[in-house]
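This briefing concerns a pocket and a helix that contributes to its lining. Please inspect the sequence and coordinates shown here first.

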Amino acid sequence: MFRYRLSNAAQGDVLDILAWTDERFGEVARLRYESLIVAALRDVARQPDRPGSLARPELGASVRSWHLRLSREHVNPGVGIVRRPRHFLVYRLEPDLVVVGRLLHDAMELARHLDAETAWE
């Protein structure tokens, strides 16, 4: 299993997503989404090139994406299932480390929200 690190932008994305979820749907929904994000991070740390992940060469070498819906089966069943997750991780593999550059809504245009030069800080 690889270690993983969230960039400053990805940390901000997580906080924004969870705050929005809590405001719109309540604490229980926020906890479900938080568990799903953690499951997705663990999934890509276990196997960064896992089936279902997409290579994103337009964003740089070794950059991939992973949609949260692909991690729904790896969430603790007691927390509950997020039926229609709408976010995906954008990450790249470095030696012994997965760096998550962003956590974006699947309707977002990547080029507008991911600067290949600064996304990994």
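The points below treat the largest pocket and then helix H1.

This is a predicted model, in which local features need pLDDT of at least 70 and side-chain atom pairs count only at pLDDT 80 or more, while totals for chains, interfaces and linings use all residues. Residues are numbered from 1 along each chain as its sequence is written, and side-chain values use heavy atoms, with hydrogens and water left out.

**Largest pocket**

- The volume of the largest pocket (an open set of 1 Å grid points with protein on both sides within 12 Å along at least five of seven lines) is about 500 Å³.
- Its lining comprises 20 residues, and Trp20, Thr21, Phe25, Tyr33 and His87 lie nearest the centre; lining residues have an atom within 4 Å of a point.
- Two or more lining residues come from each of helix H1 (8-25), helix H2 (27-46) and strand E5 (97-105), with H1 giving the most, 6 residues.
- The lining has 10 nonpolar, 7 charged and 3 polar residues.

**Helix H1**

- The 18 residues of H1 should span 26 Å at 1.5 Å a residue, which agrees with the 26 Å between its end C-alpha atoms.
- Ala10, Asp13, Val14, Ile17, Leu18 and Thr21 are the buried residues of H1 (under 20% relative accessible area, 1.4 Å probe, protein chains only).
- These residues cover an arc of only 120 degrees around the axis, and therefore lie on the same side of H1.
- Strand E1 (3-6), H2, strand E4 (87-94) and E5 are among what covers them.
- Asn8, Leu15, Asp16 and Glu23, which are exposed (over 50%), sit on the face of H1 turned away from its buried side.
- Gly26, just after H1, takes a positive phi of about 100 degrees.

Technical notes:
On a 1 Å grid over the protein atoms alone, a cavity is a set of points where a 1.4 Å probe fits but cannot get out, and a pocket is an open set with protein on both sides within 12 Å along at least five of seven lines; lining residues have an atom within 4 Å of a point. Grid points are joined across faces, edges and corners, and a volume is the space filled by probe spheres set on the points. Helices (H or I, at least four residues) and strands (E, at least two) are DSSP runs, numbered from the N terminus. Ala, Val, Leu, Ile, Met, Phe, Trp, Tyr, Cys and Pro count as nonpolar, Asp, Glu, Lys and Arg as charged, and the others, Gly among them, as polar. The expected span of a helix is 1.5 Å times one less than its number of residues. The arc is that of the directions from the helix axis to the C-beta atoms. Contact means heavy atoms within 4.5 Å.
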